[in-house]
Amino acid sequence: MGLHDRDYYWDDNESYNRSEGGTGISALFMIIAANVIIWLLNDDNSLPLNLWMELKPSDIFHPAQWYRLITCGFAHDSTSSGHILFNMLALFFLGGLVERRYGKKEFLAFYFASILISSLGWVVTGLVMGTDVPCIGASGAVSAVIILFAWNFPHEKLLFMMFIPMPAWLVGVIIIGIDIMGTQSEKSNIAHSVHLAGAAFACVYYLMNIRFTGWFSSSPQIYRDGNVADEPSYWGGRRGQYGRDEEDYYYADDDSYGYAPATKTYEQLEAERREAEMNEKVEDILRKISNFGLQSLTQSEMDLLREASRRKQNGR
């Protein structure tokens with residue numbers, strides 16, 4: 001029995017009814033599989049999928065071609081493995097944590113929205129520059145996932161260029177910087193504007209706490225104390241009807257695998273980890289009291305109990 005289960009430690013009206021969904025195939029697996037299958041099919045010259053999936057800025061003037069705003073994000077250079085390899089490796093190593101943070105459905109919604117925003121970035125760039133060059137690749141959505149990872153896990157160590165260790169926030173800054181400089185080169189065959197559009201969208205998504213699944217969810221927003229929000233909010237940073245941040249809720253059909261509420265920052269997760277360590281120590285002390293009595297405690301153990309009691313009284 002853990003510390004949270006003891007009725008003399010928690011208030012009777014305190015509850016945490018978080019759903020534990022998340023079974024089945026992950027969204028990350030489906031996305032990578034779709035990209036790889038399409039790339040393999042493109043190897044057959046009799047099935048030129050890329051011609052049907054690529055996006056040109058002029059396609060925006062033809063509604064029948066708008067599907068390309070999405071399909072271009074699943075097509076890659078069929079003459080080389082480097083294009084798809086880099087994108088899928090980045091997704092594989094970083095996308096898993098992001099999906100567990102936000103849940104399968106929300107991650108899928110974010111990924112498709114990233115493709116759409118990135119594609120529109122290419123369209124705008126082409127119209128402004130007066131070019132009509134076709135674009136393919138998941139790089140825009142992958143850039144969005146990388147930047148969202150950096151926002152959520154800024155101090156996580158990553159290997160930049162596969163061998164230089166650095167924190168995720170610095171990797172994000174470097175990637176954005178490279179793409180900004182890349183837009184100044186006329187000879188580059190990399191769609192830097194697509195990357196920047198994806199990165200910009202990830203920043204807006206994180207800073208505004210956007211939740212696409214909330215827009216379409218029929219389930220109620222539930223606060224952690226069990227109260228149901230009368231009017232659901234899909235944007236963060238505001239105060240809820242119970243006097244707390246809107247990020248203090250979850251959806252009844254949330255599928256974030258119980259990893260963490262989608263809006264928690266790295267600092268919040270670290271605070272929870274430290275709190276869990278303290279709870280475990282207090283549990284050991286309570287067990288010691290049960291077996292040997294209060295007089296068996298050391299001064300440091302007494303101080304820890306007082307600190308835990310103070311935190312509880314302050315609602316921490």
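Biologist: What share of the 316 residues in the protein chain is buried?

Modeller: Buried residues make up 43% of the 316 residues in the protein chain, and I should say at once that this is a predicted model. The chain has eleven helices and four strands, and its accessible surface comes to about 17400 Å², with 61% of that belonging to carbon and sulfur atoms.

Biologist: What makes H76 a buried residue?

Modeller: The cut-off for buried is under 20% relative accessible area; H76 has a relative accessible area of 1%, and is therefore buried. H76 lies in the loop between α3 (68-71) and α4.

Biologist: Which residues does H76 touch, not counting residues up to four places away in sequence?

Modeller: With those left out, H76 touches N35, W39, N50, H83, I84, N87, M88, I136, G137 and A138.

Biologist: Why is α4 called oblique to α6?

Modeller: The axes of helix α4 (residues 82-102) and helix α6 (residues 139-152) come within 9 Å and cross at roughly 40 degrees. Angles under 35 degrees would count as roughly parallel and 65 to 115 as roughly perpendicular, with the rest, apart from those over 145, counted as oblique, so the crossing angle makes α4 oblique to α6. The crossing in which α4 passes α6 is left-handed.

Biologist: Which residues make the contact of α4 with α6?

Modeller: On the α4 side the contact is made by H83, N87, A90, L91, L94, G95, L97, V98, R101 and Y102, and on the α6 side by S139, V142, V145, I146, L148, F149 and N152. Sorted by class, this contact of α4 with α6 has eleven nonpolar, five polar and one charged residues.

Biologist: How do you know that α5 and α8 are oblique to each other?

Modeller: Helix α5 (residues 104-129) and helix α8 (residues 192-207) pack with their axes 8 Å apart, at an angle of about 135 degrees. Since roughly perpendicular covers 65 to 115 and roughly antiparallel needs over 145, α5 and α8 are therefore oblique to each other. The crossing of α5 and α8 is right-handed.

Biologist: Which residues of α5 and α8 meet, and how many of them are nonpolar, polar or charged?

Modeller: From α5, the residues E106, F110, A113, S114, I117, S118, G121, W122 and T125 meet S193, V194, A197, G198, F201, A202 and Y205 in α8. The contact of α5 with α8 has nine nonpolar, six polar and one charged residues.

Biologist: What part of the contacts in the protein chain with a separation of 6 or more joins residues 24 or more positions apart?

Modeller: Residues 24 or more positions apart account for 67% of those contacts.

Note on methods:
Residues numbered from 1 in each chain as written. Predicted model: local features only at pLDDT ≥ 70, side-chain atom pairs only at ≥ 80, totals over all residues. Heavy atoms only, no water. Axes fitted to C-alpha atoms, helices over the stretch in contact; angles between N-to-C directions. Helix = DSSP H or I, 4+ residues; strand = E, 2+ residues; numbered from the N terminus. Left-handed = near helix turned anticlockwise from the far one by under 90°. Contact = heavy atoms within 4.5 Å. Nonpolar A, V, L, I, M, F, W, Y, C, P; charged D, E, K, R; others polar. Buried < 20%, exposed > 50% of the residue type's maximum accessible area, 1.4 Å probe, protein only. Areas by Shrake-Rupley, 256 points an atom, 1.4 Å probe, with all protein chains shown as cover.
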